[in-house]
Amino acid sequence: MGPVRPEGRVVALIVFWAAAVSAIVGAVVCITRKNPIASLLWLVYVMFNLSILFVLQDAHFLAAVQILVYAGAIMVLFLFVIMLLNIGRPGPSDIKSGRGAVIAVVAGLLMLAELVALSQVELPASMSLPAGAVSRMVEQQGAVEAVATPLFQQYLIPFEITSVMLLAALDGAVVLAKRKL
Amino acid sequence: MLLGPSLLISALLFTIGMVGVLLRRNAIIIFLCVELMLNAVNLTFVALSRQLGLDGQVFVFFVMTVAAAEAAVGLAIIIALYRHKDTVNLDAINLLRG
């Protein structure tokens, strides 16, 4: 967040918690909607809130990519398929009840306990950067360059492999969805 | 300063996504829940990258790319299944059950 006045920090905290609470509420609403299109739009809502959290944590470029690529492109692909298959029709709900629901909730609570325990692990001090180092880097180099430099230098080969993977996914999608080649 | 809360929120979102996967029968909504879990992991990466360096933010790019590839292939599979069975309800799809 850079060098901000104390009241700026308070505002940032308020925005952070507002976005966090609405992301979690949106996620709960998302998994309980019967209509897949409603579910999908609530997931887009969660993604917008997550991009607010990204901005507050020095990931400005990722916040933009989150909205453009994730909420914009990937979710529209889902929307196309839902509309193509016309599965928003009224009918019995697909949400499990009884034993299935109990198992889901118990497994969820176990998972949550595990993740919370894991998040209490202290990071080794030798790995940590000094406080505010990333904010300063983003301020000096700009939000895009700070991410682009490691992406195209240190992670160049993984980046190139990613493009091969995308090509494979493209071919795979065509082969799978086509009626006859 | 925001690290602890971010990890907590990310844990909650991941759990909600997992409960969604276990709770639903519609293949597309299960897929949406997987996307929610991927998003939760991205939040962890971003939160930790403030302390451990920008490599975490680079990894979010890779996660997004894998998510895009997974969405394309997965949705193609769902279309093929729908053509075969006329439904996306996973209880009705039991071709591999012996």
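**Exercise 1.** How far apart do the C-alpha centres of domain 1 and domain 2 of chain A lie?

*Solution.* The model is predicted. Start with the bounds. The domain assignment of chain A gives domain 1 as 1-89 and domain 2 as 133-181. Their C-alpha centres lie 21 Å apart. Now take the contact. Five residues of domain 1 of chain A touch seven residues of domain 2 of chain A. On the domain 1 side, two of these residues are nonpolar, two are polar and one is charged.

**Exercise 2.** Work out how H3(A) and H2(B) are oriented to each other, parallel or antiparallel.

*Solution.* Identify the helices. H3 of chain A covers residues 60-85, and H2 of chain B covers residues 27-52. Their axes come within 12 Å and cross at roughly 175°. Angles over 145 degrees count as roughly antiparallel. H3(A) and H2(B) are therefore roughly antiparallel. Next, list the residues that meet. H3(A) brings A:Leu62, A:Phe78, A:Val81 and A:Ile82; H2(B) brings B:Ile28, B:Leu32 and B:Val46. By class, this contact has seven nonpolar residues, no polar ones and no charged ones.

**Exercise 3.** Describe H3(B): its span, its buried residues and what follows the helix.

*Solution.* Span comes first. H3 of chain B runs over residues 55-85, 31 residues in total. From first C-alpha to last, H3(B) reaches 44 Å, close to the 45 Å expected at 1.5 Å a residue. Then burial. The buried residues of H3(B) include B:Phe61, B:Met64, B:Ala67, B:Ala71 and B:Ile78. Their cover includes H3 and helix H6 (143-152) of chain A, together with H2 of chain B. Last, the end. B:Asp86 follows H3(B), with a positive phi near 65°.

Conventions: Residues numbered from 1 in each chain as written. Chains lettered and ligands numbered in written order. Predicted model: local features only at pLDDT ≥ 70, side-chain atom pairs only at ≥ 80, totals over all residues. Axes fitted to C-alpha atoms, helices over the stretch in contact; angles between N-to-C directions. Helix = DSSP H or I, 4+ residues; strand = E, 2+ residues; numbered from the N terminus. Parallel < 35°, antiparallel > 145°, perpendicular 65-115°, else oblique. Contact = placed C-beta atoms within 7 Å. Nonpolar A, V, L, I, M, F, W, Y, C, P; charged D, E, K, R; others polar. Expected span 1.5 Å × (residues − 1). Buried ≥ 20, exposed ≤ 12 C-beta atoms within 10 Å, placed from the backbone. Domains from an automatic or database assignment.
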